[in-house]
Amino acid sequence: MWHQTEIRLAARSRGFHLITDEVVAGVAALGECEIGLLHLQLLHTSASLTLNENADPDVRHDMDAFIRRLVPGDLPYFRHTLEGPDDMPAHVAASLFGTQLTLAVRGGRLATGTWQGIWLGEHRDHGGPRRLIATLNGA
Amino acid sequence: MWHQTEIRLAARSRGFHLITDEVVAGVAALGECEIGLLHLQLLHTSASLTLNENADPDVRHDMDAFIRRLVPGDLPYFRHTLEGPDDMPAHVAASLFGTQLTLAVRGGRLATGTWQGIWLGEHRDHGGPRRLIATLNGA
Amino acid sequence: MWHQTEIRLAARSRGFHLITDEVVAGVAALGECEIGLLHLQLLHTSASLTLNENADPDVRHDMDAFIRRLVPGDLPYFRHTLEGPDDMPAHVAASLFGTQLTLAVRGGRLATGTWQGIWLGEHRDHGGPRRLIATLNGA
């Protein structure tokens with residue numbers, strides 16, 4: 001079975017956000033998939049997808065605090081500055097965390113660990129709504 | 001063909017470890033797959049999976065030395081500190097390196113390059129055994 | 001349908017390079033795939049693959065400028081130095097950006113966003129030609 005759908009994520013503030021429920025709700029065929037893989041791909045280059053802790057929101061805060069300091073907006077050698085000081089750091093974060101993710105599916109559900117959730121990394125100050133393509137392949 | 005299995009990795013010390021042989025041994029159906037993909041997903045948020053050099057162990061040492069300095073445990077803005085100073089750095093490393101990996105399969109074997117091996121990044125001081133889901137899809 | 005092919009990328013200078021057209025040209029069966037996934041895996045441990053902006057070349061410049069400063073070649077704790085000061089930084093960059101990528105396919109084309117392109121990260125001074133395995137799976 002192959003299913004492909006586009007999911008629209010509402011605009012979010014800069015930082016990391018748990019989107020597992022939105023993704024699962026957006027992939028209607030997930031429940032019929034006994035064994036398979038769900039591939040998620042953001043259609044953007046200044047946001048990211050990653051798997052990390054689904055419990056304490058401080059983990060999401062700290063991840064964002066870390067990446068903001070790792071890639072500040074005022075690096076003197078940055079040339080791509082026309083779109084604002086948050087843009088080039090967002091491109092770097094998108095490539096460090098990645099913009100696509102493949103997840104195991106088992107028994108009609110994501111086979112994630114107890115503490116794993118899907119995070120959207122919004123790396124722009126005003127990134128707006130984000131779109132992703134979800135592709136489900138399985139048996 | 002679809003095969004899915006869970007592989008249990010023995011507890012390891014903090015650092016990077018070559019696990020190619022353990023993964024291959026854990027995926028019994030690999031030899032029957034002429035062309036396909038093997039997906040690996042850790043069920044944890046403080047360890048990582050990455051492809052890198054399978055020869056000189058110094059590469060694994062240096063990678064760990066680098067990430068320990070990049071994300072030290074005593075960053076003053078970290079809030080998620082209750083689980084110890086190695087925990088939040090482990091979450092960051094897990095997202096920077098990633099916790100899932102998809103590998104090409106050809107002729108019943110991983111189609112990795114001569115120098116490529118699968119690494120487990122153990123980012124906790126005492127992470128304990130780690131579990132991963134291996135999903136093989138192919139023809 | 002399953003198709004697997006090896007693509008040879010010409011030698012490039014250190015930095016990030018847009019390779020979308022080369023990849024698409026190298027996967028002849030892409031046009032016949034209505035819905036599917038294209039998996040790309042470099043066979044090297046000192047170069048990387050990532051999705052990022054396909055327009056302004058300054059984004060590629062800035063990404064490289066950033067990673068060169070993040071992982072310089074003269075870190076005193078690096079032990080893997082025999083292959084030159086650009087080698088260990090290249091291994092680190094390969095794992096931070098990743099060496100494999102899975103891309104959604106829709107209607108015979110990559111389902112990438114308007115601004116997304118496939119980048120090769122060449123992290124060595126003289127990396128030479130690079131090989132990748134492209135695996136297309138779809139319906």
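**View 1. Polar contacts where chain A meets chain C.** Across the interface of chain A and chain C in this predicted model, 14 residue pairs make polar contact, both partners being at pLDDT 80 or more. On the side of chain A that touches chain C, the elements giving two or more residues are β1 (2-9), β3 (35-42), α3 (87-97), β5 (100-106) and β8 (130-138). Top of that list is α3(A), which gives the most, with six residues. Sort this side of chain A by class and you get 13 nonpolar, 14 polar and two charged residues.

**View 2. A salt bridge between chain A and chain C.** Just one salt bridge is counted between these two chains. Here it is: the side chains of A:E6 and C:R106 meet at 3.9 Å, N to O.

**View 3. How much chain A and chain C bury.** The contact draws 29 residues from chain A and 34 residues from chain C. Together the two chains bury about 2,700 Å², with carbon and sulfur atoms giving 59% of that area. Keep an eye on A:W2, A:Y77 and A:S95: they supply 24% of the area that chain A buries against chain C, more than any other three residues.

**View 4. Over to chain B against chain C.** This time 34 residues of chain B are in contact with 29 residues of chain C. The buried area between chain B and chain C is about 2,700 Å², and carbon and sulfur atoms give 59% of it. On the chain B side, B:I35, B:D62 and B:F66 lose the most area to chain C, together 21% of what that side buries.

**View 5. Polar links and elements between chain B and chain C.** One salt bridge turns up across this interface. It pairs B:R106 with C:E6, whose closest N and O atoms are 3.9 Å apart. Polar contacts add up to 14 residue pairs, both at pLDDT 80 or more. Among the elements giving two or more residues to the side of chain B that touches chain C are β4 (47-53) and α2 (57-70). The biggest giver there is α2(B), with nine residues. By class, that side of chain B has 17 nonpolar, 11 polar and six charged residues.

**View 6. Down to the axis between chain B and chain C.** Turn chain B by 120 degrees, with 0.0 Å of shift along the axis, and it superposes on chain C with an RMSD of 0.0 Å. The two copies are therefore related as by a three-fold rotation axis. In chain B, the C-alpha nearest the axis belongs to B:L96, at 3.4 Å from it. The copies use different surfaces, though: 15% of the contact residues of chain B recur in chain C.

Key
Residues numbered from 1 in each chain as written. Chains lettered and ligands numbered in written order. Predicted model: local features only at pLDDT ≥ 70, side-chain atom pairs only at ≥ 80, totals over all residues. Heavy atoms only, no water. Least-squares fit on C-alpha atoms with pLDDT ≥ 70 in both. Contact = heavy atoms within 4.5 Å. Buried area = accessible area lost by both parts, 1.4 Å probe. Salt bridge = Lys/Arg side-chain N within 4 Å of Asp/Glu carboxyl O. Polar contact = N/O pair within 3.5 Å; in protein donor to acceptor, adjacent residues only side chain to side chain. Helix = DSSP H or I, 4+ residues; strand = E, 2+ residues; numbered from the N terminus. Nonpolar A, V, L, I, M, F, W, Y, C, P; charged D, E, K, R; others polar.
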